[in-house]
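Trainee: I should like to learn how to read the features of a structural model. May we work through one together?

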Amino acid sequence: MVITKSYIKLLALFLAIVTVSCADRVVFEERLEMDPRGWHKDDPASFNVEIADTSQVLDMGLTFNHTDGYPYSNLWLFLTIKGPDQVQITDTLELFLAESSGRWLGRKKKGNYEISALYRHEIKMAHPGEYQFSVVHGMRRELLPHLKSVEFWVQSSR
């Protein structure tokens, strides 16, 4: 295949459109770096999300970055949501990081592994205002090693 200047321009235009259209969907995105010693079970990763438009249909999720030294194939999480009306709910989630064969799932990125999980799909928030999302791990260890970061994201689903 011969790569021409017009082909390169077309490819650059396509990538720019994809990047802009994905960026338009992002409502909130924040990444927190973990303590290098490990993630303590009593140390929540907290994210404050301002929701102004309650008619907007949203997707919410988490992205974890870990090394290949992570000692388990899964990760149990407790995610607590506190809304502007002070109502609080807690969900229990299990995220699989590896197959039963031991092969890591997700993308290898700069020597680490990054995996994303959809938490809620196509939801509307009940009230405008600030929502606090707090995540703690529910593993048996007090200090969970080899997790590098956690990211919480909210996107428009349409």
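**Reading the model**

Mentor: Leaving aside neighbours within four places in sequence, Lys 41 is in contact with Val 136, His 137, Arg 141 and Glu 142. Please bear in mind that this model is predicted.

Trainee: Where does Lys 41 lie, and is Lys 41 buried or exposed?

Mentor: Lys 41 lies in the loop between strand E2 (39-40) and strand E3. Buried means under 20% relative accessible area and exposed means over 50%; Lys 41, at 34% relative accessibility, therefore counts as partly exposed.

Trainee: How many residues apart in sequence are Lys 41 and Met 139?

Mentor: They are 98 residues apart in sequence, yet their C-alpha atoms are 7.8 Å apart in space.

Trainee: How should I read a sheet, and in what order do its strands run here?

Mentor: One follows the pairing from one edge to the other. Here 5 strands form an open sheet with antiparallel pairing, in the order E1-E11-E4-E8-E7. Strands E1 (26-33) and E7 (107-109) are the edge strands, each pairing on one side only. On average, neighbouring strands of this sheet are turned by 20° against each other, direction ignored. Within it, E4 (residues 58-66) and E8 (residues 112-123) pair over 8 bridges, and Phe 64 has Ile 115 in E8 as its bridge partner.

Trainee: Which residues have the most contacts inside the largest nonpolar core?

Mentor: In soluble globular proteins, nonpolar side chains tend to be buried together. The largest nonpolar core here has 33 residues, and those with the most contacts inside it are Trp 39, Phe 64, Leu 75, Phe 133 and Phe 152. Among the elements giving two or more residues to this core are E4, E8 and strand E11 (147-156). Beyond four places in sequence, Phe 152 touches residues including Phe 28, Phe 47, Met 60 and Phe 133.

Notes. Residues numbered from 1 in each chain as written. Predicted model: local features only at pLDDT ≥ 70, side-chain atom pairs only at ≥ 80, totals over all residues. Heavy atoms only, no water. Pairing = 2+ DSSP bridges. Helix = DSSP H or I, 4+ residues; strand = E, 2+ residues; numbered from the N terminus. Axes fitted to C-alpha atoms, helices over the stretch in contact; angles between N-to-C directions. Core = buried A, V, L, I, M, F, W, Y, C linked by side-chain atoms within 4.5 Å. Buried < 20%, exposed > 50% of the residue type's maximum accessible area, 1.4 Å probe, protein only. Contact = heavy atoms within 4.5 Å.
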